[in-house]
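Trainee: I should like to learn how to read the boundary between two domains and the surroundings of a ligand. May we work through an example together?

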Amino acid sequence: MTAGVTLRGVGKTFAAGIEAVAPTDLTIAPGSFVSLVGPSGCGKSTLLRMIAGLAAPTIGTVERTDDAVGFVFQSPTLMPWATALANCALPLRLAGNADDARATEALKRVGLGGFESVYPHALSGGMQMRVSIARAIVTAPRLLLMDEPFAALDEITRFRLNDDLLALWQQNRWTVVFVTHSIREAVFLSERVVVLAPRPGRIVADVKIDLPSIRAPAMRLSHAFTDQCARVNAALSAGEDAA
Amino acid sequence: MMRALPFAFGLLLLILWEAVVRLNDVPPYIMPGPLAILIALKDNAPDLLAGLAVTLEVTFAALILAVVTGVLIAVLLASSPAAERTFFPYAVFLQVTPIVTVAPFIIIWVSNIFAVLLILAWMAAIFPIISNTLLGLKSVDGNLRALFRLYGANRWQTLIRLSLPACLPYFLGGLRISGGLALIGTVVAEMVAGTSGTRSGLAGRLLEASYRLELATAMACFALLSASGLAIYALMQMLSRRLLRHWHESARLEN
Ligand SMILES: Nc1ncnc2c1ncn2[C@@H]1O[C@H](COP(=O)(O)OP(=O)(O)OP(=O)(O)O)[C@@H](O)[C@H]1O
Ligand SMILES: [Mg+2]
């Protein structure tokens with residue numbers, strides 16, 4: 001089972017009078033992989049937090065068909081006093097589940113087997129981010145919301161984690177909403193790329209990615225892939241010119 | 001090498017002190033030399049140590065009481081802005097009031113002398129615990145809070161698993177100050193309360209000795225109290241390092 005999301009006229013204005021997100025309609029089908037791209041400050045994080053229910057919209061309504069949400073923040077957001085395992089197991093423990101087997105498994109999935117008892121300060125930035133991802137998937141959420149999870153990583157690790165994420169998604173068919181500022185990453189991962197423009201944040205294009213549903217790593221070098229990137233890029237530029 | 005420097009300096013001062021006292025033939029009821037103080041300490045050891053035990057008993061009882069009540073109060077204040085607005089000024093009031101001025105009332109209202117000392121030392125020690133813990137509770141990372149909300153954590157889980165651990169470094173910073181304040185509060189209280197006899201603390205004995213112009217004994221008391229203050233600070237420092245060594249910058253810089 002997976003969860004869909006429907007936004008109806010959802011907008012957010014902060015106390016300072018900054019309109020971070022203008023009233024927006026967006027429907028995300030259950031089981032789909034959707035990316036949000038746009039320049040810095042265009043409201044991607046704000047939109048994602050509203051989808052998660054972490055921020056209340058100023059106007060409009062957010063509908064989720066399920067409440068099992070996994071969230072990856074833009075920064076690792078780990079508890080520094082807890083080991084990698086304890087951080088990863090947090091959602092389980094909060095639900096009263098003391099069995100750490102699934103957390104150990106989740107750490108393995110993100111390539112951190114053997115780092116269970118290490119504290120966050122002794123992990124590299126990329127490893128911290130991976131603990132954060134492990135924590136988000138440990139509950140097998142039906143809706144996975146990720147805010148630039150790989151932005152701080154080198155390209156090699158990033159490609160590997162992209163492949164892993166796709167594999168996970170194909171296995172479980174969770175709904176994934178993925179924020180990134182990398183066009184290539186968005187195109188490689190997604191079925192659909194939603195392009196935002198700033199001031200106020202709004203959707204300026206909704207690009208369906210015309211690529212085979214099985215994305216092999218080698219696809220990053222294909223012409224078809226480059227074409228799709230060009231389409232998203234054009235939409236981004238058009239959005240910025242309009243702003 | 002560098003570690004020895006403060007000790008070498010202290011030793012030099014003591015030698016200088018002893019030399020000045022001896023060369024000028026200063027009478028011991030005006031200014032005893034360090035050797036005379038050492039001898040007074042040795043001669044009155046059982047008596048002074050008994051006094052020290054009484055003082056430290058009050059100090060630690062007050063510190064523990066301050067920790068328990070201080071953390072509880074901080075948690076209550078952090079639970080709602082209205083609570084903080086309403087009650088925090090009174091915590092400040094407690095802090096700025098010189099406890100010497102409250103002592104006479106407490107002495108009239110409370111008959112048990114141990115309780116009197118405890119109350120006064122507690123008043124002296126509690127504020128840094130409240131204010132630091134409160135600051136810590138309010139500084140919890142917003143995204144971590146959001147995460148706990150996302151996973152449906154209740155208030156109790158959020159307190160135990162997030163707020164309290166997150167504010168530990170702040171709390172320990174307050175504890176280090178409060179440890180010293182508890183001792184100072186106890187000593188001041190003993191002096192004002194004018195305790196005497198076998199159950200009196202070290203400050204009481206210091207006063208008695210000075211009334212009798214036994215300055216060497218009085219200074220021996222003083223030395224013991226200072227040493228206790230240092231020991232308490234070191235103890236809190238050690239506790240702090242132990243509790244934070246896995247994760248907090250302050251404890252990691254050292255190793
Ligand atoms: N708590 C807040 N208070 C006031 N303004 C805010 C707050 N959070 C975000 N904003 C404003 O809302 C706008 C959108 O912010 P948001 O974090 O959603 O951008 P973003 O697209 O995620 O940017 P980035 O790619 O840099 O992460 C920004 O202009 C920012 O200044
Ligand atoms: Mg952002």
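Trainee: How much area do domain 1 of chain A and domain 2 of chain A bury between them, and what share of it is on carbon and sulfur atoms?

Mentor: Please bear in mind that this is a predicted model. One begins with the extent of the boundary and then turns to its chemistry. Here the two domains of chain A bury about 890 Å² between them, with 72% of it on carbon and sulfur atoms.

Trainee: How many salt bridges does the rule find across this interface?

Mentor: The rule finds 0 salt bridges between domain 1 and domain 2 of chain A. The count of residue pairs in polar contact, both at pLDDT 80 or more, is likewise 0.

Trainee: Which element gives the most to the side of domain 1 of chain A that touches domain 2 of chain A?

Mentor: That is α5(A), with 6 residues. By class, this side of domain 1 of chain A has 8 nonpolar, 2 polar and 2 charged residues. In terms of contact, 12 residues of domain 1 of chain A meet 10 residues of domain 2 of chain A.

Trainee: Let us turn to the ligand. Which residues are around ligand 1?

Mentor: Among them are F14(A), I18(A), G43(A), K44(A) and E148(A). One then looks for polar atoms facing the ligand. A polar side-chain atom of S40(A) lies 2.6 Å from an oxygen atom of ligand 1. For Q74(A), a side-chain N or O atom is 2.9 Å from a ligand oxygen atom. C42(A) instead presents a polar backbone atom, 3.2 Å from an oxygen atom of ligand 1.

Conventions
Residues are numbered from 1 along each chain as its sequence is written. Chains are lettered from A and ligands numbered from 1 in the order in which they are written. This is a predicted model: local features need pLDDT of at least 70, side-chain atom pairs count only at pLDDT 80 or more; totals for chains, interfaces and linings use all residues. Side-chain values use heavy atoms; hydrogens and water are left out. Contact means heavy atoms within 4.5 Å. Buried area is the accessible area (1.4 Å probe) that two parts lose on being put together, summed over both. A salt bridge is a side-chain nitrogen of Lys or Arg within 4 Å of a carboxyl oxygen of Asp or Glu. A polar contact is a pair of N or O atoms within 3.5 Å; within protein, one must be able to donate a hydrogen and the other to accept it, and residues adjacent in sequence count only if both atoms are side-chain atoms. Helices (H or I, at least four residues) and strands (E, at least two) are DSSP runs, numbered from the N terminus. Ala, Val, Leu, Ile, Met, Phe, Trp, Tyr, Cys and Pro count as nonpolar, Asp, Glu, Lys and Arg as charged, and the others, Gly among them, as polar. A residue is near a molecule or strand if one of its heavy atoms lies within 4 Å of it.
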